[in-house]
Amino acid sequence: MPTLCRSLLLVLLCLGNFAAHAQNSSPLPAPAASAATPAQALDQLGGRLDSVKAALKDKQATVPLADLRNTALGVQDQARQLAGSLTPQMAALQAQLAVLGPPPAKGAPPEAAEVASQRRQLDKAQANLDAQIKQAQLLNQNALQLAAQLTGLRNDEFQARLASRTATPFSAAFWADPARTFPDDLARLKRLGARAAAAGSEAWQSPNRRPLLLCLIGAALLLGVGRWLLERLLLQLATRRVPDGHLRRSAMATAVALTAVFTTGLAAQLVYLGLNWNDILDTDLDTLASSAVRLVCFAAFVTGLGRALLSVRRPSWRLPPLSDLAAQRLRRIPWLLGAAALLFGLIERISRTIGSSLPATVATRGLMALVVSGLIGVAWLRLRGARRQRAADGEVEHRPLWVGLLGAAAVLGVLASWLGVALGYIALAFFVAVQMLWIGVIVASAYLLFHLLNDLIHTLLSSHGRGGRRLQATFQLAPHTLDQAATLFAGLTRILLTLLALATVLTPFGAGPGDLLASASRTFSSLKLGDLPIDPGSIFTAAAVMVIGILLLRMLKRWLREQLLPKSTMEAGMQDSIVTLLGYLGGLLVLVLTLAALHVNLTSITWIVSALSVGIGFGLQAIVQNFISGLILLVERPVKVGDWVSLGTVEGDIRRINVRATEIQLWDRSTVIVPNSQLITENVRNVTQANALGRVQVKLPMPLDTDAGKVHTLVLDVLNAHPGTLAAPAPYVQLANLDDGAMTFNCVAYVNSPRDASGVKSDLLFEILERLRAARLPLIRAQLVRTLPPLAEHDERTG
């Protein structure tokens, strides 16, 4: 996995370099590293904004509108931050003035000179600071308006470029201009070739030959065996380290795509370093070579991505639901698209370097539009043919809706590109073709990342996996909670990746990821729910505070329950009550911190409090009453967890005291949920509150001719011999009654708890009956045992 992470970082860097096209350096002044004072910072920001306005008015300026817009947005962001940093200083000055109080009224005794001097200084500082804040806010608004104006100009320029029309390629006029300018373009190309040959010859000379050879050998090794070895290594790591399942498949597909970029891009970079070891290349050749390296990385990514998704050699590792026939028919398309992107990208960079004529550029772009859109059309036709063949064989293929829409968009794009070239709208056709290639790469990359992150999340949070079991043991999470969290995180990841892919697709239209984020931030910053602002940053912060707070509270409760409190002298019921009460207080604290992260104040939740008051007055009285009763039970502890209580017809052990109700377990292991208010307002008999002893009472009716002394000795020995009876109070046997030719013995013994009385009594009865039969001392009837009622006999406290 570390190798995979490093490879992913490298490909992101390569793609970032490719996306950042070579641009002319902006003549606008760079922002100062650090401003000495807010006034100097405001002057610098104002100067940068004036330079943008001047460049916008200059018709001969060569600064791209995108650079001017980025500068304006930078000024806007810095001005906003400066105004935000000055606001606390203004609040501090106002607090100091409030401490001094208002100035003395007319006719009142004058204040001390020191106080008056300090007041004048604070008033002056407040006035200066207020002016600076207003100036920063004005710069913020002006920069924002200027950025909006530049965006409109960029859109107009973009639309005008797409709407431009040339002669159709079917006419002689279209080819006449390239033929006329061809000699000049060829001469420029020869001069560039001569400069490149001279640079290559110089690179082959003595001081540079060895580095060049080493770099070329390294590039050859990377392209020859480097990729194969790296893929084999990643395959072994995935087989040994990654759990068997979907994650192994998606991780290996990602590794294949990244390996292609890593090896090919590194080989291209080595060739570039070898040729330019001692800065041999001039500025134009160096820029061209750097662009070529980025193009090679992009082409390698296209081919590697197609190879990873099609997975022709390992069909079981294939992520998309494609048949083997479709994968075989599409296997060459990614290679051809990557080669076309590399070839035409190099031609485009060379044309910019030599300053080729406009007719040559138009013809080259028209050819690229035809080739790229043609390859996409061929891919669609082959995929459709494979699908029809499967349908003829009786295999029904179900496609998601987005796949069908993407295919329809591809068909429309191919038709629009070819018709644009045929009708002379070369710029439009070129743009459509490039956008189809770009969107295809983005969709394929997003699809691969969807599967990788989804499989990674479900593997880490699976309740049956090793990571899931650790989370359950550490934070005491239920299995269904982990499964729900995995589904939730996977859904959020899909949404974020979709938004990121959409922002990347819209980049050529002048709306990059930064623009979309800024627009979303401005949109959400203006949304309010009453007086409560809706800020995505605050929402994410509040969610993080809630999750972290709940996890920390769970860890603290577990530490108290399992480590600290068991080592104290508290009884188990008291320990559970303390942990439960701490859970309530901690949950309330987490809620308060979450509301604070959302910047909620009392005025923002006044309507919520009012609604709750009305609800409490009508429908929530019982809930609030039970909640308060639960707190009273936890604090005063008239009953606690583990007590044996009797409440009307309900009798059993208290197992849990919740916020609203208490759980009582009956003798048959069933549970009764009793509202907490009943334990406060009704009569409750707590059998075990004062550590009451259980009493076992057995009455033996025997004939009058029975030897009473022998019975007394025999039964008393049985009572004393049982391990469950107590020595103090000692068991005793009494002759309770003589009636109707019978005498009744009252046999009593005490046990540690009323819960033990029934079991001990059963043991005593078995033993007494066996001893009586062995001694030939019969009862009046076969078995006559009268016991006290449960609460009167087994639960009676010692006197």
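Visitor: In which loop does Asp279 lie?

Guide: In this predicted model, Asp279 belongs to the loop that runs between helix 7 and helix 8 (283–310).

Visitor: Is Asp279 buried or exposed?

Guide: Asp279 counts as exposed, because its relative accessibility is 64% and the cut-off for exposed is over 50%.

Visitor: What can I read from the phi of Asp279?

Guide: Look at the sign. Phi of Asp279 is near 55 degrees, a positive value in a residue other than glycine. Arg776 also has a positive phi, of about 55 degrees, although Arg776 is not a glycine.

Visitor: Where should I look for Arg776?

Guide: Go to the loop between helix 23 (757–774) and helix 24 (790–793). Arg776 counts as exposed there, at 74% relative accessibility.

Visitor: Let's turn to helices. How do I read two that pack together?

Guide: Two packed helices are described by the angle between their axes and by the distance between those axes. Take helix 6 (residues 206–241) and helix 7 (residues 246–275): their axes come within 8 Å and cross at roughly 170 degrees. Helix 6 is therefore roughly antiparallel to helix 7, since angles over 145 degrees count that way.

Visitor: Which kinds of residues make up the contact of helix 6 with helix 7?

Guide: The contact divides into 22 nonpolar, seven polar and three charged residues.

Visitor: What about disulfides? How many does the search find?

Guide: A disulfide is a covalent bond between the sulfur atoms of two cysteines. Here, a search of the whole structure finds zero disulfides.

Visitor: And the cysteines themselves: is Cys297 buried or exposed?

Guide: Cys297 is buried, with a relative accessible area of 6%. Cys747 counts as buried too, at 1% relative accessibility. Both values fit the rule, because buried means under 20%.

Visitor: How do I describe a pair of aromatic rings?

Guide: A pair of aromatic rings is described by the distance of the centres and the angle of the planes. By the rule used here, the count comes to one aromatic pair. Phe174 and Trp175 form an edge-to-face pair, with 4.9 Å from centre to centre and 85 degrees between the planes.

Visitor: Why does that pair count as edge-to-face?

Guide: Because the planes of Phe174 and Trp175 are 85 degrees apart, and an angle over 60 degrees counts as edge-to-face.

Visitor: How accessible is each partner, Phe174 and Trp175?

Guide: Phe174 is buried, with a relative accessible area of 9%, whereas Trp175 is partly exposed, with 49%.

Visitor: Which residue lies over the face of Phe450?

Guide: That is Arg494, at 5.4 Å from the ring centre of Phe450.

Visitor: Now, how do I compare a position along the chain with a position in space?

Guide: Set the separation along the chain beside the separation of the C-alpha atoms. Ala422 and Thr168 are 254 residues apart along the chain, while their C-alpha atoms are separated by 5.8 Å. Ala422 lies in helix 12 (residues 401–423) and counts as partly exposed, at 24% relative accessibility.

Visitor: May I see another pair?

Guide: Try Ser291 and Leu346, which are 55 residues apart along the chain, with C-alpha atoms separated by 7.9 Å. Ser291 is found in helix 8 and counts as buried, at 4% relative accessibility. Then there are Leu100 and Ala116, 16 residues apart along the chain, whose C-alpha atoms are separated by 9.4 Å. Leu100 has its place in helix 3 (residues 65–100) and is partly exposed, with a relative accessible area of 24%.

Visitor: One last feature: which residues does a cis peptide bond join?

Guide: A cis peptide bond joins Ala728 and Pro729, and its omega is about -5 degrees. To find Pro729, look in the loop between helix 22 (708–721) and strand 9 (732–739).

Conventions
Residues are numbered from 1 along each chain as its sequence is written. This is a predicted model: local features need pLDDT of at least 70, side-chain atom pairs count only at pLDDT 80 or more; totals for chains, interfaces and linings use all residues. Side-chain values use heavy atoms; hydrogens and water are left out. Axes are lines fitted to C-alpha atoms, for helices over the stretch in contact, and angles run from 0 to 180 degrees between N-to-C directions. Helices (H or I, at least four residues) and strands (E, at least two) are DSSP runs, numbered from the N terminus. Angles under 35 degrees count as roughly parallel, over 145 as roughly antiparallel, 65 to 115 as roughly perpendicular and the rest as oblique. Ala, Val, Leu, Ile, Met, Phe, Trp, Tyr, Cys and Pro count as nonpolar, Asp, Glu, Lys and Arg as charged, and the others, Gly among them, as polar. A disulfide is a pair of cysteine sulfur atoms within 2.5 Å. Buried means under 20% relative accessible area, exposed over 50%, partly exposed in between (1.4 Å probe, protein chains only). Rings of Phe, Tyr and Trp (its six-membered ring) pair if their centres lie within 6.5 Å; planes under 30 degrees apart count as stacked, over 60 as edge-to-face and the rest as tilted. A charge sits over a ring if NZ of Lys or CZ of Arg is within 6 Å of the ring centre and within 35 degrees of the ring normal.
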